[in-house]
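Please open the structure in your viewer and keep the selection tool at hand. This tour proceeds stop by stop, stating what to select and what is there.

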Amino acid sequence: MAFTHLSERAETCLRKLCVEIPSRRVGSEGNRAAADFFAGIVASFGFETDTPEFDCVDWKGEGASLTVKGAAFESFTSPYSLGCEVSAPLVVVSTVEELEAADVSNSLVLLRGDIAKEQLMPKNFPFYNPDHHRRIIKLLEAKEPRAIIAATSRDVVMVGSMYPFPLIEDGDFDIPSVYMTDEEGKRLARHAGKEISLESRAHRIAAKGCNVIARKGANPNRRVVLFAHIDARIGSPGAGDNASGVIALLLLAELLADYSGDLGIEIVALNGEDYYSNPGEQQYLAINAGRFDEIVLGINLDDVGYYRGDIAYSLYDCPPDIASSIHKVLSIYKGIVEGKPWYPGDHGLFLLNQRPALAITSELLEELMAEITHTPKDRPEIVDVTKLVSLAVALRDLLLHLNQQGA
Ligand SMILES: [Zn+2]
């Protein structure tokens, strides 16, 4: 039937979200435009729509220069870092024990090797924050170097395919920092003890963002919630991650234009999955505190349109009746398969609150993370919109089935 029309609509949305809007980083004008675009469309299909706001920090970086006696080293300002203009001696540190023993006050500290192998979780990040990260951050704050230079390679799990990756990406951490490749770090380490100069041009801007929460169905106290995060990483058009999920939800909203079932349906554009403090996720938790029991099933869509491989779904804590409904409905669709469990996504909000969840992503998520995600390569060309259409249709069928079952 009208599925060609849905493919065309998906193409238009993809261009709008990733080309006409050049950046959807939280707090930016583009992020607001994307949220307004989403809210306008879901409202036009008869969803009751809220856009609750939160405070956040937007950020602009205008480059960094690092020199030793006139010789230049390539470095990049860490996202959300404060800027600086410093000349000071260089101290090189490779392990936490070395940092503990070092005097770095009035110095520039180069972190490389073991201490710089994982991106450090932001200090106020609520969901996952290992002790060894917190220890490094605490030591740095106590020892107060003038600025931090991090030499990094890759951390595919946390930051996708970025090389080098920013060791610190935290608007709540006030020691200025830059990052560089491990190769450049090796070269710089030879100048330990010498005076080096670092100028990093960046500023933080107080801003606002919002979630978009759209509801339909007679009974909001028994609802299925569908998430797709609408923000994108700084420097990435975010076509797969996660304009794809957002567009699948927009198509679903259209397919549910005439829905009048009892089961509540809540479609949410969450704003903050790729931002240091997850403000949209935190807001959603606060708004729903004490009310998670109303959620029959939580569904999260992230990176669902990759042109290679199938769409993969995975279940978490689903009771047998819901699990069998999901398998029954989704097995009808070619190109949608059951895949490996995957934890670091927004469906974590449901799991934290002991609610059943369904996560939907690409079967080739590891390939995407290693090569495309969070980089300028995450462009509309890597998204196949026909996959978004079949996913939206499958989800519509699942919701109608759950409504019929009186889930
Ligand atoms: Zn994502």
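The tour begins with the ground rules and then visits a sheet, a strand, a metal site, two spaces and some unusual backbone positions.

**Ground rules**

This is a predicted model, in which local features need pLDDT of at least 70 and side-chain atom pairs count only at pLDDT 80 or more, while totals for chains, interfaces and linings use all residues. Residues are numbered from 1 along each chain as its sequence is written, and side-chain values use heavy atoms, with hydrogens and water left out.

**Stop 1: the open sheet**

Select the eight strands of the open sheet, whose order is β3-β2-β9-β5-β6-β7-β8-β4, with mixed pairing. β3 (71-73) and β4 (76-77) stand at the edges with a single partner strand each, so one side of each has no neighbour in the sheet. Helices (H or I, at least four residues) and strands (E, at least two) are DSSP runs, numbered from the N terminus. Two strands pair if DSSP finds at least two bridges between them. Strands of a sheet pair through backbone hydrogen bonds, either parallel or antiparallel.

Now select β6, residues 108-111. Which way do its side chains point? Leu-108 and Leu-110 point one way, Val-109 and Leu-111 point the other way, and all are buried. Buried means under 20% relative accessible area, exposed means over 50%, and partly exposed lies in between (1.4 Å probe, protein chains only). In a regular strand the side chains alternate between the two faces of the sheet.

Add β5 (residues 84-93), which pairs with β6 in the parallel sense over four bridges. Val-91 has Val-109 as its bridge partner in β6, and Val-92 has Leu-110. Then add β7 (residues 147-152), which also pairs with β6 in the parallel sense over four bridges. Here Ala-150 of β7 stands opposite Leu-111. Following the chain from β6 through helix α4 (residues 131-143) to β7 traces a right-handed β-α-β crossover. Right-handed means that, with the strands pointing away from the viewer, the path from the first strand over the helix to the second runs clockwise.

**Stop 2: strand β12**

Select residues 263-270. Eight of the eight residues of β12 are buried, so this strand is largely enclosed by the rest of the structure. One side carries Leu-263, Ile-265, Ile-267 and Ala-269, and the other carries Gly-264, Glu-266, Val-268 and Leu-270.

β10 (residues 212-216) pairs with β12 in the antiparallel sense over five bridges, and Ile-213 stands opposite Val-268. β11 (residues 219-229) pairs with β12 in the parallel sense over eight bridges, and Leu-226 stands opposite Ile-267. From β11 the chain crosses through α7 to β12, again in a right-handed β-α-β crossover.

**Stop 3: the zinc ion**

Select the zinc ion. Which protein atoms are its donors? They are His-229 (NE2), Asp-241 (OD), Asp-302 (OD) and Asp-302 (OD), at 2.0 to 2.5 Å from the ion. Donors are N, O and S atoms within 2.8 Å of the metal (3.2 Å for Na, K and Ca); water is not among the atoms, so sites may look incomplete. Asp-241 lies in helix α7 (residues 239-255) and Asp-302 in the loop between β13 (295-301) and β14 (311-316), so the pair ties together parts that are 61 residues apart in sequence. Both Asp-241 and Asp-302 are buried.

**Stop 4: the largest pocket**

Select Val-157, Glu-273, Trp-342, Pro-344 and Gly-345, which are the closest to the centre of the largest pocket among its 44 lining residues. α5 (156-159), α10 (348-352), β16 (357-362) and α11 (365-371) each supply at least two residues of this lining.

**Stop 5: unusual backbone positions**

Most residues other than glycine have a negative phi, and most peptide bonds are trans. Select Tyr-163 and Pro-164: the peptide bond between them is cis, with omega near -10°. Pro-164 is in the loop between α5 and β8 (177-181). The bond from Asp-241 to Asn-242 is also cis, with omega near 5°.

Finally, select Glu-144 and Asn-278. Is each one buried or exposed? Glu-144, in the loop between α4 and β7, has a positive phi near 45° and is exposed, with a relative accessible area of 55%. Asn-278, in the loop between β12 and α8 (279-287), has a positive phi of about 45° and counts as buried at 7% relative accessibility.

How values were computed
On a 1 Å grid over the protein atoms alone, a cavity is a set of points where a 1.4 Å probe fits but cannot get out, and a pocket is an open set with protein on both sides within 12 Å along at least five of seven lines; lining residues have an atom within 4 Å of a point.
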